[in-house]
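Please look through the structure shown below before reading on. The report that follows takes up a few of its residues, then a helix and the core around it.

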Amino acid sequence: MVATPIGNLRDFSARAREVLAQADVIAAEDTRVTGQLLKHFGIGTPMVSLREHNERAMADKLIARLAAGEAVAQVSDAGTPAISDPGAQLVAAVHAAGYPVVPVPGASALTTALSAAGFTCPHTLFYGFLPPKRKQRQDALAPLAALPYVVVFYEAPHRILETLADLVEAFGGDRTVVLARELTKTFETIRRAPLAELTAFAEGDANQQRGEFVLLIDAAPAATADSGEAGEHDRVLAPLVAELPVKQAVALAQSITGAPRNTLYARALILKQGEDQGEDESS
(Lines give C-alpha, C1' and ligand atoms only; values in the text may rest on other atoms or scores of the structure.)
Protein backbone atom coordinates (compact mmCIF):
# COMPACT_ATOMS: atom_id res chain seq x y z
CA MET A 1 0.00 0.00 0.00
CA VAL A 2 1.97 2.96 -1.33
CA ALA A 3 1.24 6.60 -0.52
CA THR A 4 1.73 9.07 -3.37
CA PRO A 5 1.97 12.89 -3.32
CA ILE A 6 -1.21 14.92 -2.81
CA GLY A 7 0.28 17.78 -4.81
CA ASN A 8 3.97 18.50 -4.38
CA LEU A 9 5.96 15.80 -6.16
CA ARG A 10 8.91 16.37 -3.83
CA ASP A 11 6.84 14.66 -1.12
CA PHE A 12 7.19 11.34 -2.97
CA SER A 13 9.51 9.26 -0.78
CA ALA A 14 12.54 7.39 -2.09
CA ARG A 15 11.14 4.18 -0.60
CA ALA A 16 7.81 4.61 -2.39
CA ARG A 17 9.53 5.18 -5.71
CA GLU A 18 11.70 2.09 -5.18
CA VAL A 19 8.72 -0.11 -4.27
CA LEU A 20 6.75 0.97 -7.34
CA ALA A 21 9.74 0.44 -9.60
CA GLN A 22 10.38 -3.07 -8.26
CA ALA A 23 6.76 -4.27 -8.12
CA ASP A 24 5.51 -6.65 -10.80
CA VAL A 25 2.25 -4.73 -11.14
CA ILE A 26 0.68 -1.54 -9.77
CA ALA A 27 -3.05 -1.49 -9.00
CA ALA A 28 -4.03 2.13 -9.60
CA GLU A 29 -7.29 3.97 -8.98
CA ASP A 30 -6.88 5.80 -12.29
CA THR A 31 -4.11 4.52 -14.55
CA ARG A 32 -4.03 7.84 -16.40
CA VAL A 33 -3.30 9.81 -13.23
CA THR A 34 -0.76 7.31 -11.90
CA GLY A 35 0.75 7.02 -15.38
CA GLN A 36 1.73 10.69 -15.28
CA LEU A 37 3.39 10.20 -11.90
CA LEU A 38 5.31 7.12 -13.05
CA LYS A 39 6.40 8.88 -16.24
CA HIS A 40 7.74 11.83 -14.23
CA PHE A 41 9.93 9.50 -12.16
CA GLY A 42 10.89 7.16 -14.98
CA ILE A 43 9.04 4.14 -13.57
CA GLY A 44 7.86 1.62 -16.16
CA THR A 45 5.98 -0.92 -14.02
CA PRO A 46 2.75 -2.11 -15.73
CA MET A 47 -0.58 -1.09 -14.20
CA VAL A 48 -4.08 -2.45 -13.77
CA SER A 49 -7.14 -0.43 -12.82
CA LEU A 50 -8.54 -0.95 -9.32
CA ARG A 51 -11.53 1.29 -8.72
CA GLU A 52 -14.47 1.29 -6.35
CA HIS A 53 -16.74 -0.54 -8.79
CA ASN A 54 -14.31 -3.38 -9.59
CA GLU A 55 -12.33 -3.73 -6.37
CA ARG A 56 -13.85 -7.04 -5.23
CA ALA A 57 -13.31 -8.74 -8.58
CA MET A 58 -9.84 -7.27 -9.00
CA ALA A 59 -8.84 -8.41 -5.51
CA ASP A 60 -9.23 -12.04 -6.58
CA LYS A 61 -7.03 -11.46 -9.63
CA LEU A 62 -4.35 -9.71 -7.62
CA ILE A 63 -4.33 -12.45 -4.97
CA ALA A 64 -3.78 -14.95 -7.77
CA ARG A 65 -0.74 -12.94 -8.79
CA LEU A 66 0.51 -12.96 -5.20
CA ALA A 67 0.04 -16.73 -5.19
CA ALA A 68 2.24 -16.88 -8.29
CA GLY A 69 5.01 -15.10 -6.38
CA GLU A 70 4.52 -11.61 -7.80
CA ALA A 71 4.75 -8.36 -5.85
CA VAL A 72 1.70 -6.10 -6.09
CA ALA A 73 1.67 -2.39 -5.22
CA GLN A 74 -1.58 -0.45 -4.76
CA VAL A 75 -1.98 3.33 -5.08
CA SER A 76 -4.83 5.80 -5.18
CA ASP A 77 -4.85 8.95 -7.30
CA ALA A 78 -3.17 10.90 -4.49
CA GLY A 79 -2.33 10.37 -0.84
CA THR A 80 -2.60 7.21 1.21
CA PRO A 81 -4.77 4.49 -0.35
CA ALA A 82 -7.83 3.08 1.46
CA ILE A 83 -8.51 6.39 3.27
CA SER A 84 -11.72 7.56 1.56
CA ASP A 85 -10.24 5.92 -1.54
CA PRO A 86 -10.21 2.37 -2.94
CA GLY A 87 -7.97 -0.21 -1.29
CA ALA A 88 -9.65 -1.39 1.92
CA GLN A 89 -11.47 -4.31 0.28
CA LEU A 90 -8.25 -5.41 -1.39
CA VAL A 91 -6.34 -5.23 1.90
CA ALA A 92 -9.02 -7.26 3.71
CA ALA A 93 -8.98 -9.90 0.98
CA VAL A 94 -5.18 -10.14 1.03
CA HIS A 95 -5.20 -10.56 4.82
CA ALA A 96 -7.86 -13.27 4.51
CA ALA A 97 -5.79 -15.06 1.88
CA GLY A 98 -2.82 -15.14 4.26
CA TYR A 99 -0.45 -12.80 2.42
CA PRO A 100 1.38 -9.90 4.09
CA VAL A 101 0.22 -6.31 3.64
CA VAL A 102 3.03 -3.76 3.84
CA PRO A 103 2.24 -0.04 4.24
CA VAL A 104 4.61 2.43 2.60
CA PRO A 105 3.66 5.67 4.36
CA GLY A 106 3.71 9.13 2.92
CA ALA A 107 1.41 12.00 2.10
CA SER A 108 -2.13 12.08 3.49
CA ALA A 109 -4.55 15.00 3.29
CA LEU A 110 -5.95 14.00 6.69
CA THR A 111 -2.70 14.16 8.66
CA THR A 112 -1.40 17.12 6.65
CA ALA A 113 -4.47 19.18 7.52
CA LEU A 114 -4.51 18.09 11.18
CA SER A 115 -0.89 19.13 11.64
CA ALA A 116 -1.71 22.67 10.49
CA ALA A 117 -5.06 23.09 12.27
CA GLY A 118 -3.83 23.95 15.75
CA PHE A 119 -6.58 22.14 17.65
CA THR A 120 -5.54 21.01 21.11
CA CYS A 121 -8.23 18.36 21.59
CA PRO A 122 -6.37 15.02 21.68
CA HIS A 123 -9.21 13.08 20.02
CA THR A 124 -10.14 13.13 16.34
CA LEU A 125 -13.03 11.61 14.42
CA PHE A 126 -12.35 11.22 10.69
CA TYR A 127 -15.68 11.08 8.90
CA GLY A 128 -14.48 11.28 5.30
CA PHE A 129 -16.99 12.39 2.66
CA LEU A 130 -20.47 13.41 3.77
CA PRO A 131 -23.55 12.22 1.85
CA PRO A 132 -24.14 14.24 -1.33
CA LYS A 133 -27.86 14.89 -0.69
CA ARG A 134 -28.70 17.66 1.76
CA LYS A 135 -31.22 15.81 3.95
CA GLN A 136 -28.88 12.84 4.36
CA ARG A 137 -25.98 15.22 5.03
CA GLN A 138 -27.93 17.07 7.73
CA ASP A 139 -28.94 13.79 9.34
CA ALA A 140 -25.30 12.69 9.39
CA LEU A 141 -24.10 15.97 10.91
CA ALA A 142 -26.67 16.25 13.71
CA PRO A 143 -25.18 13.63 16.09
CA LEU A 144 -21.61 14.84 15.43
CA ALA A 145 -22.06 18.39 16.69
CA ALA A 146 -22.01 17.53 20.40
CA LEU A 147 -19.07 15.12 20.31
CA PRO A 148 -15.90 16.04 22.24
CA TYR A 149 -13.71 15.33 19.21
CA VAL A 150 -12.23 17.28 16.33
CA VAL A 151 -14.32 16.12 13.37
CA VAL A 152 -12.68 15.96 9.94
CA PHE A 153 -14.43 15.84 6.57
CA TYR A 154 -13.31 15.65 2.96
CA GLU A 155 -15.35 17.62 0.45
CA ALA A 156 -15.49 18.22 -3.29
CA PRO A 157 -15.59 21.70 -4.85
CA HIS A 158 -19.12 21.49 -6.27
CA ARG A 159 -20.55 20.84 -2.77
CA ILE A 160 -18.35 23.03 -0.58
CA LEU A 161 -20.78 25.95 -0.12
CA GLU A 162 -23.75 23.67 0.59
CA THR A 163 -21.71 21.68 3.10
CA LEU A 164 -20.46 24.81 4.87
CA ALA A 165 -24.05 26.06 5.20
CA ASP A 166 -25.10 22.73 6.72
CA LEU A 167 -22.12 22.81 9.08
CA VAL A 168 -23.19 26.24 10.34
CA GLU A 169 -26.68 24.90 10.96
CA ALA A 170 -25.45 21.80 12.77
CA PHE A 171 -22.42 23.12 14.71
CA GLY A 172 -23.31 26.80 15.06
CA GLY A 173 -21.66 29.80 13.45
CA ASP A 174 -19.28 30.35 16.37
CA ARG A 175 -17.61 26.90 16.25
CA THR A 176 -14.02 27.14 15.02
CA VAL A 177 -13.27 25.49 11.69
CA VAL A 178 -10.17 25.09 9.56
CA LEU A 179 -10.56 25.01 5.80
CA ALA A 180 -7.59 23.33 4.13
CA ARG A 181 -7.73 23.57 0.34
CA GLU A 182 -5.35 22.26 -2.34
CA LEU A 183 -2.84 21.11 0.27
CA THR A 184 0.83 21.21 -0.85
CA LYS A 185 -0.22 22.67 -4.23
CA THR A 186 0.45 26.10 -5.71
CA PHE A 187 -2.78 27.69 -4.48
CA GLU A 188 -2.88 26.08 -1.05
CA THR A 189 -5.24 27.72 1.46
CA ILE A 190 -5.29 27.02 5.18
CA ARG A 191 -7.71 29.33 6.98
CA ARG A 192 -8.95 29.09 10.56
CA ALA A 193 -12.02 31.04 11.67
CA PRO A 194 -15.52 30.71 13.15
CA LEU A 195 -17.79 28.75 10.84
CA ALA A 196 -19.98 31.71 9.90
CA GLU A 197 -16.95 33.84 9.03
CA LEU A 198 -15.29 31.04 7.08
CA THR A 199 -18.48 30.42 5.12
CA ALA A 200 -18.69 34.09 4.14
CA PHE A 201 -15.03 33.98 3.10
CA ALA A 202 -15.64 31.03 0.78
CA GLU A 203 -18.85 32.53 -0.62
CA GLY A 204 -17.07 35.79 -1.41
CA ASP A 205 -14.14 34.31 -3.33
CA ALA A 206 -14.79 31.94 -6.23
CA ASN A 207 -11.17 30.76 -6.07
CA GLN A 208 -11.87 29.34 -2.60
CA GLN A 209 -14.57 27.11 -4.09
CA ARG A 210 -12.13 25.19 -6.28
CA GLY A 211 -9.93 22.18 -5.61
CA GLU A 212 -9.98 19.47 -2.98
CA PHE A 213 -11.01 20.35 0.59
CA VAL A 214 -10.41 19.13 4.12
CA LEU A 215 -12.71 20.66 6.75
CA LEU A 216 -11.77 20.33 10.41
CA ILE A 217 -14.29 21.32 13.10
CA ASP A 218 -13.11 21.94 16.65
CA ALA A 219 -14.46 19.73 19.42
CA ALA A 220 -17.69 20.69 21.16
CA PRO A 221 -17.11 22.87 24.22
CA ALA A 222 -17.63 21.37 27.64
CA ALA A 223 -21.24 21.44 28.78
CA THR A 224 -22.02 24.63 30.69
CA ALA A 225 -25.47 23.77 32.05
CA ASP A 226 -25.82 24.03 35.83
CA SER A 227 -26.66 21.00 37.89
CA GLY A 228 -30.37 21.87 37.93
CA GLU A 229 -30.56 22.03 34.14
CA ALA A 230 -28.51 18.85 33.78
CA GLY A 231 -30.77 17.06 36.21
CA GLU A 232 -33.88 18.17 34.33
CA HIS A 233 -32.39 17.04 31.03
CA ASP A 234 -31.49 13.67 32.48
CA ARG A 235 -34.94 13.25 34.03
CA VAL A 236 -36.49 13.56 30.56
CA LEU A 237 -33.75 11.86 28.56
CA ALA A 238 -33.01 8.80 30.69
CA PRO A 239 -36.29 6.92 30.08
CA LEU A 240 -36.27 7.92 26.41
CA VAL A 241 -32.69 6.76 25.82
CA ALA A 242 -33.51 3.46 27.54
CA GLU A 243 -36.24 2.71 25.00
CA LEU A 244 -35.40 4.62 21.81
CA PRO A 245 -32.48 5.29 19.47
CA VAL A 246 -30.46 8.34 20.60
CA LYS A 247 -31.57 10.51 17.67
CA GLN A 248 -35.27 9.89 18.33
CA ALA A 249 -34.85 10.29 22.09
CA VAL A 250 -33.15 13.67 21.62
CA ALA A 251 -35.85 14.89 19.24
CA LEU A 252 -38.57 14.06 21.77
CA ALA A 253 -36.61 15.55 24.66
CA GLN A 254 -36.08 18.76 22.71
CA SER A 255 -39.80 19.08 22.02
CA ILE A 256 -40.51 18.58 25.74
CA THR A 257 -37.79 20.78 27.27
CA GLY A 258 -36.95 23.28 24.54
CA ALA A 259 -33.27 22.80 25.40
CA PRO A 260 -30.59 23.14 22.70
CA ARG A 261 -30.26 20.05 20.50
CA ASN A 262 -26.47 19.88 20.92
CA THR A 263 -26.75 19.97 24.73
CA LEU A 264 -29.29 17.16 24.72
CA TYR A 265 -27.19 15.08 22.32
CA ALA A 266 -24.18 15.39 24.61
CA ARG A 267 -26.18 14.23 27.62
CA ALA A 268 -27.92 11.45 25.68
CA LEU A 269 -24.61 10.02 24.51
CA ILE A 270 -23.30 9.99 28.09
CA LEU A 271 -26.48 8.31 29.35
CA LYS A 272 -26.39 5.76 26.54
CA GLN A 273 -22.75 4.95 27.26
CA GLY A 274 -23.56 4.46 30.95
CA GLU A 275 -26.49 2.22 30.06
CA ASP A 276 -24.33 0.07 27.75
CA GLN A 277 -21.62 -0.26 30.40
CA GLY A 278 -24.22 -1.31 32.93
CA GLU A 279 -25.47 -4.04 30.61
CA ASP A 280 -21.91 -5.26 30.02
CA GLU A 281 -21.23 -5.46 33.77
CA SER A 282 -24.50 -7.31 34.45
CA SER A 283 -23.75 -9.87 31.77
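Proline 131 counts as buried, with 18% relative accessibility, where buried means under 20% relative accessible area, exposed over 50% and partly exposed in between (1.4 Å probe, protein chains only). This is a predicted model, in which local features need pLDDT of at least 70 and side-chain atom pairs count only at pLDDT 80 or more, while totals for chains, interfaces and linings use all residues. Residues are numbered from 1 along each chain as its sequence is written, and side-chain values use heavy atoms, with hydrogens and water left out.

Proline 131 is placed in the loop between β4 (124-129) and α6; helices (H or I, at least four residues) and strands (E, at least two) are DSSP runs numbered from the N terminus. Not counting residues up to four places away in sequence, proline 131 touches Gln136, Arg137 and Ala140, contact being heavy atoms within 4.5 Å. Its C-alpha atom is separated by 9.7 Å from that of threonine 163, although the two residues are 32 residues apart along the chain.

Threonine 163 is among the buried residues of α7, which also include Ile160, Leu164, Asp166, Leu167, Ala170 and Phe171. These residues cover an arc of only 165° around the axis, and therefore lie on the same side of α7; the arc is that of the directions from the helix axis to the C-beta atoms. Just after α7, glycine 172 takes a positive phi of about 95°.

The largest nonpolar core has 23 residues, of which Leu141, Phe153, Leu164, Leu167 and Phe171 touch the most other members. Such a core is a set of buried Ala, Val, Leu, Ile, Met, Phe, Trp, Tyr and Cys residues joined through side-chain atoms within 4.5 Å. At least two residues of this core come from each of α6 (134-141), β5 (150-155), α7, β6 (176-181), α8 (195-203) and β8 (213-217), and α7 gives the most, with five residues. Leaving aside neighbours within four places in sequence, the contacts of phenylalanine 153 include Leu141, Leu167 and Phe171.

Two residues other than glycine also have a positive phi, as the table sets out.

| Residue | Phi | Loop | Relative accessible area |
|---|---|---|---|
| Serine 84 | near 55° | between β3 (72-75) and α4 (88-97) | 33%, partly exposed |
| Glutamate 182 | about 55° | between β6 and β7 (189-194) | 18%, buried |
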